[in-house]
Amino acid sequence: MDKTEESKIFETETVTIPDFVEDKTETPETAEKDSSTGYSDPDLSIFKMTDEELYDDDDDEQDEPSERKRGGNVSLILCVIAMLLLLATSIAAVYYAYKQHQAYVKANAGYLQLQANESAYKKQIADKDAQIEELNKQIEELKTNSSPSVPSETGKLVYEIVSGPIQFRSAPDYGSPTTTYNDKEKALDGERYQVMEIIDDEVDEGRQWAKIKDGVYFCIGFPNDVWAKKVD
């Protein structure tokens with residue numbers, strides 16, 4: 001047989017493909033036959049699936065890496081946001097601590113200044129108290145040693161200066177050192193003094209001295225030359 005005849009045979013013959021997609025109605029007889037032989041009908045549902053159903057798994061497999069990538073990006077973004085928030089919180093904490101330190105330094109400086117001022121005020125008060133005490137002491141001395149016009153000595157004799165001024169001396173002697181009485185060096189005319197006693201001069205006969213306090217005397221003159229007279 002030549003090639004021409006062989007080709008003609010192939011051209012005239014037709015091939016019949018069984019329809020596997022055709023549904024098969026199962027009957028008790030066929031089911032029993034299948035169970036007895038141990039064989040079952042093949043699953044032909046795959047031949048009835050559409051292209052979308054056939055390639056749907058591929059699309060899911062292709063979308064899964066994209067979803068994973070998208071989820072990873074979201075996690076990275078959240079991590080960056082958390083780090084930024086932590087950084088901002090740290091900066092705020094450092095700034096707050098710096099401000100608190102400045103406030104403490106300022107308050108401490110003010111406290112130290114107040115302490116210094118308090119010490120200065122206490123010293124001033126102490127000085128004033130000392131001055132007041134000294135003035136009170138002087139007032140008491142003035143009360144004890146009152147003015148000549150209002151004698152306050154224990155002596156009961158009162159003498160008035162009629163021929164002054166008369167020098168105060170520390171002893172009933174004209175050659176004794178001079179002294180003061182109530183911050184005065186001399187007794188003036190018209191002044192009155194409370195005299196404790198009258199003392200005769202041991203050197204100059206006839207001269208007499210009036211003692212107004214211990215260590216303070218003044219001469220009242222001579223019998224014929226009166227410098228201070230007794231006031232009745």
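Where in the structure does Glu133 sit? Its place is in helix α4, which covers residues 56–144. Keep in mind as we go that this is a predicted model.

Let's step back for the overall layout. The protein has four helices and nine strands, and reading along the sequence gives the pattern α-α-α-α-β-β-β-β-β-β-β-β-β. So far as burial goes, 14% of the 232 residues count as buried.

Back to helix α4 and Glu133. Is Glu133 buried or exposed? Glu133 has 55% relative accessibility, so it counts as exposed, the cut-off for that being over 50%. Glu133 also has company: together with Asp129, Glu134 and Glu141, it forms a patch of negative charge on the surface.

Helix α4 has a nonpolar side to its story too, through Ile77, which is found in this helix. Ile77 joins Val74, Leu78, Ile81 and Leu85 in making a nonpolar surface patch of about 480 Å².

Now for the charge pairs. Side chains of opposite charge can pair when their charged atoms come close. How many salt bridges does the model hold? The count comes to eight, and a few are worth a look one by one.

Start with Lys123 and Asp127, whose closest N and O atoms are 3.4 Å apart in a salt bridge. Both residues lie in helix α4, with their positions four residues apart in the numbering, or about one turn of the helix. The two partners get their own labels for accessibility: Lys123 is exposed because its relative accessible area is 55%, while Asp127, at 38%, counts as partly exposed.

Next comes a pair out in the strands. Arg192 makes a salt bridge with Glu160, and here the closest N and O atoms are 3.4 Å apart. Arg192 belongs to strand β4 (residues 192–195) and Glu160 to strand β1 (residues 157–161), so this pair ties together parts that are 32 residues apart in sequence. As for cover, Arg192 is partly exposed at 35% relative accessibility. Glu160 comes in at 19%, and because buried means under 20%, Glu160 counts as buried.

A third pair is Lys184 with Glu191, whose side chains meet in a salt bridge at 2.2 Å, N to O. Lys184 counts as partly exposed, with 23% relative accessibility, whereas Glu191 is buried, its relative accessible area being 14%. Beyond these pairs there is also a network: Glu197, Lys211 and Asp214 are joined into one by salt bridges that share partners.

That leaves the nonpolar interior. Which residues have the most contacts inside the largest nonpolar core? They are Ile161, Phe168, Tyr193, Ile212 and Phe218, in a core of 18 residues. The elements that give two or more residues to this core are strands β1, β4, β6 (208–213) and β7 (216–222). Of these, β7 supplies the largest share, with five residues.

Two of those strands should ring a bell: β1 and β4 both give residues to the core, and they are also the strands tied together by the Arg192 and Glu160 salt bridge.

Note on methods: Residues numbered from 1 in each chain as written. Predicted model: local features only at pLDDT ≥ 70, side-chain atom pairs only at ≥ 80, totals over all residues. Heavy atoms only, no water. Patch = residues over 30% accessible without salt bridge, like charges linked within 9 Å, V, L, I, M, F, W, Y side chains within 5 Å. Areas by Shrake-Rupley, 256 points an atom, 1.4 Å probe, with all protein chains shown as cover. Salt bridge = Lys/Arg side-chain N within 4 Å of Asp/Glu carboxyl O. Lys, Arg positive; Asp, Glu negative; His and termini not counted. Charge placed at Lys NZ, Arg CZ, Asp CG, Glu CD. Buried < 20%, exposed > 50% of the residue type's maximum accessible area, 1.4 Å probe, protein only. Core = buried A, V, L, I, M, F, W, Y, C linked by side-chain atoms within 4.5 Å.
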